[in-house]
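Student: I've got this model open and I'd like a close look at one part of it. Could you walk me through the place where the two chains meet?

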Amino acid sequence: MFESCADPSLLDGLPWLACYLTTGKHMAFYGSFLTVLALLAITAPFAMLFGFGGAMAARSDIAPLRWLGKTYTAMVRGVPDIVFFLFVPIAMDQGLEWLRHKVKCPDWDAPIRQGSDFVVCTAAKLPLSNAPQWAHEVYGFALAMIAFAIVFGAFAANVLSGAMTAVPVGQIETAAAYGMSKRQTFWRILVPQMWVYALPGLSNLWQILVKATPLLFLLGVEDIVYWARELGGAKTSTFSYPHPDWRLYYFLGLLVFYLSLTQVSDTVFQHLMRRLSHGQATLAGEAQRKATA
Amino acid sequence: MTCFETIQAYGLRSIGIGERLLPRSDFTLCQQFTLIGSGMIWNIYFGVLALIFGFVLATAVAMGKASPVALIRKPSEWFIFVLRGSPLFIQFFLAYETFVLLPKSGIDINLGFTHLTAQTSWLTKAWAGALVVLFLNTAAYSGEIFYGALRSVPKGDLEAADAYGLTGWTKFRRVTWPTMLRLAWPAYTNEAIFLFHATTLVYFSGFPAWKQQGDALYYASYFADKTFNPFVAYPIVAGYFVLLTLVVITIFGQVNRRLNRHLAPAARSRIRYRPQLIR
């Protein structure tokens, strides 16, 4: 990176460390922090969307839809989330390839599952075998994201359906007395009021999501855990920056990163809760009203 | 091989009893059920022991966090903050790397009159090292739950205890602690459920599975890798965990009933699932 880093074996002390921490691999390591933040930024809205859909389905008047919603909200109760993280990406991958196989190669007659192999025609492969490396990485990351969105959508559906039932019945009844239809009541009365009840659960969920991001490593994404293991491992003198096993320090760094991330989120959520409580018929809202009056 | 023979060969495979080699081809449903079920031994082992040890430490940490003495309060607060604020996955890695760096020959402790050598190599094995992590982790989460409950113990109960002349340890044991437990129990049940779920992380986070003796998810992912078919092994492990969760809910529900046995049935707090405690 710097010119003085041309021959690291001549350096020691701080200059050595400065050069060591700015190698290309370290830059990739710092970049992987952005991967984590990107995962958070993309997954959170999708999980909310899935959660909202699940909560709505669980309240639906149509029985099959309601069962679907209830099953979705209940599935994370009994089964560890890690099972879903391992299952969803590979299941999605095979499902997509199978669909493409049916469409693109209709006259293929060999079975798809041959013993321990999953064989689809070349045109159905995802991504295509001649696709560039970045396509494979993006595809892997996208599958991981879907897995996260599905699992956290189920958690969010739990929280949101709880919040929907927490809105005082009087509010709903008043809306009905004013002649609002079910749909109008839902969108104009229930949804605007439910957030204050949902926020404690959602903030918890966010913290859980933050703490679940290192599981990306299990899905084969080159995330911060991958780089911490890679860079921290003992390097012999054949490397330009030989050092003993430093994985402990790298993981300590990750620990600090996550601690500050959860701490910052906590502060933001407290602030948000104060804002949302404003003018609400809750204890916190009442306290705010009295304080200003 | 009949299914009965498979169970004989692999039923206790996860703790090293039975067939040495895992099945390599022509996997049957029976093999998958047996081996994954055998792996559940480890999930139950980690969950139960971590819960038992963690319960004791959690009570201590909750008392510590509520203490007026800063010298006791601060460490408790930091303990809870660090272990609740960071991912369990990272904690596993961190603990493993720490245990690996401990001297292989053991640590010499000089007591003046005699020499003790504390063996450390067992800490790098999953059965001990991962248990330590899970124990500390659940102690922090339960400690926070207990602390919250401790703060919501009704003032009237404590005043009544004072009026009866209960002080110190007797007051704690007869009034404060049972009330705290009663208030914390629904949340603590959730913590227990998610602790069992968290045990599946052990063999995916640094700790190696020695001689292919792993937990349920370890075997499930073994089968999923070998057969390239996730639609059999993962639903099996999911089914086992649903059963385990039901057992946990039943046991904790019984305890909840006993804790609330002096209350009218309508006033009893029922255990409700709240997804706030996975890590």
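**Where chain A meets chain B**

Tutor: Sure, and let's start with one pair you can find on screen: A:R247 makes a salt bridge with B:E97, and their closest N and O atoms sit 3.4 Å apart. Keep in mind that this is a predicted model. How many salt bridges are there between chain A and chain B? The count is 1. Polar contacts add to the picture, with 7 residue pairs found across the interface of chain A and chain B, both partners at pLDDT 80 or more.

Next, look at which parts of chain A do the touching. Helices 3 (63–78), 4 (81–104), 5 (133–166), 7 (182–212), 8 (224–232) and 9 (247–277) of chain A each give two or more residues to the side that touches chain B. Helix 9 of chain A gives the most, with 10 residues. Sort the residues on that side of chain A by type and you get 25 nonpolar, 7 polar and 7 charged.

Now step back to the whole contact. Chain A puts in 39 residues and chain B puts in 42 residues. Between them, the two chains bury about 3900 Å², and 75% of that is on carbon and sulfur atoms. On the chain A side, the residues that lose the most area to chain B are A:R77, A:K211 and A:L248, which together make up 15% of what that side buries.

While you have the helices of chain A in view, try the aromatic rings too. Over all chains there are 39 aromatic pairs. Take A:F85 and A:F148: their ring centres are 4.5 Å apart and their planes meet at 25°, so the pair is stacked. A:F85 belongs to helix 4 of chain A and A:F148 to helix 5 of chain A, so this pair ties together parts that are 63 residues apart in sequence.

Methods:
Residues are numbered from 1 along each chain as its sequence is written. Chains are lettered from A and ligands numbered from 1 in the order in which they are written. This is a predicted model: local features need pLDDT of at least 70, side-chain atom pairs count only at pLDDT 80 or more; totals for chains, interfaces and linings use all residues. Side-chain values use heavy atoms; hydrogens and water are left out. Contact means heavy atoms within 4.5 Å. Buried area is the accessible area (1.4 Å probe) that two parts lose on being put together, summed over both. A salt bridge is a side-chain nitrogen of Lys or Arg within 4 Å of a carboxyl oxygen of Asp or Glu. A polar contact is a pair of N or O atoms within 3.5 Å; within protein, one must be able to donate a hydrogen and the other to accept it, and residues adjacent in sequence count only if both atoms are side-chain atoms. Helices (H or I, at least four residues) and strands (E, at least two) are DSSP runs, numbered from the N terminus. Ala, Val, Leu, Ile, Met, Phe, Trp, Tyr, Cys and Pro count as nonpolar, Asp, Glu, Lys and Arg as charged, and the others, Gly among them, as polar. Rings of Phe, Tyr and Trp (its six-membered ring) pair if their centres lie within 6.5 Å; planes under 30 degrees apart count as stacked, over 60 as edge-to-face and the rest as tilted.
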